[in-house]
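Trainee: Please take me through a close look at a single part of this structure, and then connect that part to its surroundings as carefully as you can.

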Amino acid sequence: MIETIGGSARPTDCILVVDFGAQYAQLIARRVREVNVFSEIVPYDLTAAEFAARKPAGIIFSGGPASVHIEGAPRIDPGIYELGIPILGICYGAQLIAHQRGGTVGRNERGEYGRTDMVVAEAGVLLSDAGEGTQTVWMSHFDAITGPPNGAAVTASSPDAPVAVFEAPAVGLYGVQFHPEVHHTPCGQDLLCRFVYDVCGCAGDWTMTSVIESSVAAIREQVGTSRAVCGLSGGVDSAVAAALVHRAVGSQLTCVFVDTGLMRAGEGEQVVETFQKTQGIELVHVQAMDRFFKKLAGVTDPEEKRKVIGELFIRIFEDAAAGISDARFLVQGTLYPDVIESGTKDAAKIKSHHNVGGLPEDMDFVLVEPLRNLFKDEVRTVGSQLGLPDEIVWRQPFPGPGLGVRIIGEVTPETTAILQAADLIVRQEVRDAGLEREIWQAFAVLPDIRSVGVMGDERTYARPVIIRAVTSEDAMTADWARLPYDLLEKMSSRIINEVEGVNRVVYDITSKPPGTIEWE
């Protein structure tokens, strides 16, 4: 069976972000980390004893969609207020503090949404960088705090939020009605910084260098003298996890790279070059393209394709791993968003989310997940510091089944070759335009339709290619990228002229939601 012990190292200073169902809970955690302090998202139904056991330097209550006045609204264990741990409430979190600690929360006749001018009467601690006067903040609330908690001073207000900011330093309670975590609040990051440093007294020594040092020590302690195996997918997560474990245990690690034939153009060769030759990591390279194309013959249903690709990957990986004597540990590139998406109630447990294709529970391995406390941008920084090339570190996210879910309909060597060629052009042009790091993903999709065209005075009946490009911070939501018309024109021209079997190019302008980033 797959067992989990240990885990990545946890820093001494930690800010716990309590999730009340906010769309911005992850963003709050990221903003805290940006000032070099570790943060972790936890559910609101932890007990005061469970909070105390985690020994946080501070706690932040997130916003949320509920009203404190409705039955069943999220509540916090009142004992938390007696722990002596500083607490900052944001939006619903601030209203909850007021509601539970002697203040009042009124039901407005109208909400307050978007950019709002807030009048700062007294800078206090939270707004000491901004000073008194008018500040622009991002509001998103219907209810509003009308009376502060017992012993708290009101330091700022807005037309529809009489208590826009309150502070009660004597009892360690602070609240803001607006959202400091979003970029639309210019003073927001400074405010979070003041809470983390001035109120909570954090040292600010959580850097990617310290993450590497502590993770290496934790991996060495966990693995000991045993052997470990890592399934490389070609993506940044498994690559960085492998490099980090190799830094810790060296030749005790063997990587297995199953080449499905469904990767982007040139990526298979690059994985082998990077890990076998440049990094000096022992690599088992399994070339299995023919086996995958044979299994996918005639399969058109998206879920069936995923199942076929995943199951075959598992069988091939099992065979390769079985040949590595005494391999007890399995290295996975699981990230913090993977853990969060399993439900913050279980955020302290390993998510049954296996980056090497959904490994079965009957595999006899103990998991090593050195990246499970990190967001994607943090993983990229770690990869760079470990010496991985930019081509690996800044590789865009790629679905586990590869191009198999970007080819609508049957996956064949011919359709794969068409898509690889078109996708390469898209990525080249985005890179040459200097937009590679501004865009979350840019890729091509090959639909299973034909359209009429004219090429060289002759009628054609060929495939279209769909270009998909999105901007995002964490892939949970995404907006379609406003690529320059000249860039789109160049992509279209090159694809039609250079890729045989294509006579039309279209651009997908659907955001997520309502669409998804991938087409299947």
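Mentor: A polar contact here is a pair of N or O atoms within 3.5 Å, where, within protein, one atom must be able to donate a hydrogen and the other to accept it. Bear in mind throughout that this is a predicted model.

I would begin with S67, whose place is in the loop between β4 (58-61) and β5 (87-90). Although S67 belongs to a loop, it counts as buried, because its relative accessibility is 14% and the cut-off for that word is under 20%. Its side chain makes a polar contact, at 2.5 Å, with the side chain of D143. When neighbours within four places in sequence are set aside, the residues in contact with S67 are A73, Y92, R107 and D143, so that D143 appears both in this list and as the polar partner.

Y92 then leads outward from S67, since ring pairs link Y92 with F20, Y44, F61 and Y81 into a cluster. Beside this cluster one should look at I76: leaving aside neighbours within four places in sequence, I76 is in contact with F20, Y44, F61 and Y81, and also with V18, F51, L96 and Q100. I76 is also one of the residues with the most contacts inside the largest nonpolar core, which has 72 residues, and it shares that place with F51, F61, L232 and L253. The largest share of this core, 10 residues, comes from α6. Apart from it lies another core of 48 residues, among them F313, A327, L435 and A481.

The helix α6 itself, residues 236-249, deserves a check of its geometry: at 1.5 Å a residue its 14 residues should span 20 Å, and its end C-alpha atoms are indeed 20 Å apart, which agrees. Because 12 of its 14 residues are buried, α6 is largely enclosed by the rest of the structure. The buried residues include V236, A239, V240, L244, V245 and V249, and D237 and S238 are also among them. After α6 comes G250, whose phi is positive, near 55 degrees.

Two residues that are not glycines have a positive phi as well, and they make a useful contrast. K55, in the loop between α2 (48-54) and β4, has a phi of about 50 degrees and is exposed, with a relative accessible area of 66%. C91, found in the loop between β5 and α3 (92-100), has a phi near 55 degrees, but it counts as buried, at 5% relative accessibility.

The other core can be approached through T260, which is found in the loop between β12 (253-259) and α7 (267-278). T260 counts as buried, at 10% relative accessibility, and a polar atom of its side chain lies 3.1 Å from the backbone nitrogen of L262. Not counting residues up to four places away in sequence, T260 touches M289, F292 and F313, and F313 is among the residues of the core of 48 residues.

Further along the chain, I495 lies in helix α14 (residues 485-498) and is buried, with a relative accessible area of 0%. With residues up to four places away in sequence not counted, I495 touches A422, I425, V426, V465, I467, V502 and V505. The C-alpha atoms of I495 and I418 are separated by 9.7 Å, although these residues are 77 residues apart along the chain.

Returning to the rings, a search of the whole structure finds 8 aromatic pairs. The pair of Y174 and F195 is edge-to-face, because the ring centres are 6.2 Å apart and the planes stand at 70 degrees. This pair links distant parts of the chain, with Y174 in strand β10 (residues 173-176) and F195 in helix α4 (residues 188-199), 21 residues apart, and both Y174 and F195 are buried. Rings also have charges over them: the charged end of R30 sits over the ring of F375, 5.1 Å from its centre, and the charged end of R482 sits over the ring of W480, 3.8 Å from its centre.

Finally, the segment after β20 (502-507) contains P513, and a cis peptide bond joins K512 and P513, with omega about -15 degrees. Another cis peptide bond joins P513 and P514, with omega about 15 degrees, and P514 too has its place in the segment after β20.

Conventions: Residues numbered from 1 in each chain as written. Predicted model: local features only at pLDDT ≥ 70, side-chain atom pairs only at ≥ 80, totals over all residues. Heavy atoms only, no water. Helix = DSSP H or I, 4+ residues; strand = E, 2+ residues; numbered from the N terminus. Buried < 20%, exposed > 50% of the residue type's maximum accessible area, 1.4 Å probe, protein only. Contact = heavy atoms within 4.5 Å. Expected span 1.5 Å × (residues − 1). Phe/Tyr/Trp six-rings, centres within 6.5 Å; stacked < 30°, edge-to-face > 60°. Lys NZ or Arg CZ within 6 Å of the ring centre and 35° of its normal. Core = buried A, V, L, I, M, F, W, Y, C linked by side-chain atoms within 4.5 Å.
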